[in-house]
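Thanks for coming. I will take this one from a strand pair outward to the whole chain, and finish on a single residue.

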Amino acid sequence: MSTTTTNRFRGRAGRRIAATIVAAAALGLGATACGPDSDAADSGGSSASSTASPSQQASSQPTSGSSSGNSGSQGQNGGGTADAGKSLTIVGKMEYLAPGKLIVKPEDGGTDQAFLVANATTIRGAAAICTAPDGSVAIGDDGYGTAKCTVDELEKAAKTNSVTVRVTMDRKSGGADTVEEKYHP
């Protein structure tokens, strides 16, 4: 009877050791997947690999297409992404993933980035997401929408896969602070 107990213990311990080795290997691969010249790892040490699902990418950074400066100017009026410390700005086509979860495909060809939206997200439309209260196009001097929109309107527009937006999101949570529609006449 003690032999059976010992064998059971070894079996469980063996599985725990194997699981620990697999977890350590996965962490090691994630830490090196971006390469030596990449700034993809944030101060917390997390990084995204090219095999991460969109929902996993929502809480991490893209592996390519990010600017290494702190200005954020590239994402303000141009395409692609900008690195601004805690937040990430990406300009690209928006797609629907699931309720409260959308994807932006950067104009510069960088890695698709999933993001979360909530009632606290500031959503500004020009014409495709929503319009001004009188039904007119609402754009600012920078070419981005100024009309206040709802999450439902944003998700409906995302399902068309044709709306270009500028998304400013929190790097750690993946939650969008602002989503602004880029006006296309």
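**Strands, pairings and one threonine**

Let me begin with one bridge: L102 has F115 in β4 as its bridge partner. Please keep in mind that this is a predicted model. The bridge belongs to a pairing of strand β3, residues 101-106, with strand β4, residues 113-116; the two run antiparallel and are joined by four bridges. Together β3 and β4 make a hairpin, with six residues between the strands. In the turn, G109 has a positive phi of about 85°.

Next, strand β5, residues 122-125. Which residues point to the buried face here? I123 and G125 do; both point to one face and are buried. T122 and R124 point to the other face and are not buried, so the side chains alternate along the strand.

β5 has two pairings to mention. With strand β8, residues 176-181, β5 pairs in the parallel sense, over three bridges. In that pairing, I123 stands opposite V179 of β8. With strand β6, residues 147-148, β5 pairs in the antiparallel sense, over two bridges. There R124 stands opposite K148 of β6. To put the two together: I123, which is buried, faces V179 in β8, whereas R124, which is not buried, faces K148 in β6.

Now the chain as a whole. The protein chain has four helices and eight strands. Reading from the N terminus, the order is α-α-α-β-β-β-β-β-β-α-β-β. Of its 185 residues, 35% count as buried. The accessible surface comes to about 10,200 Å², and carbon and sulfur atoms account for 53% of that. As for contacts between residues at least 6 apart in sequence, 55% of them join residues at least 24 apart.

Last, the single residue. T164 lies in strand β7, which covers residues 164-170. Is T164 buried or exposed? T164 has a relative accessible area of 3%, and because the cut-off for buried is under 20%, it counts as buried. What is T164 in contact with, once its neighbours within four places in sequence are left aside? The list is V91, G92, K93, E107, E180, E181, K182 and H184. Two of those names, E180 and E181, fall within the range of β8, residues 176-181, the strand that pairs with β5 in the parallel sense.

That is where I will stop; the structure is still on the screen if anyone wants to go back to a strand.

How values were computed
Residues numbered from 1 in each chain as written. Predicted model: local features only at pLDDT ≥ 70, side-chain atom pairs only at ≥ 80, totals over all residues. Heavy atoms only, no water. Buried < 20%, exposed > 50% of the residue type's maximum accessible area, 1.4 Å probe, protein only. Contact = heavy atoms within 4.5 Å. Areas by Shrake-Rupley, 256 points an atom, 1.4 Å probe, with all protein chains shown as cover. Pairing = 2+ DSSP bridges.
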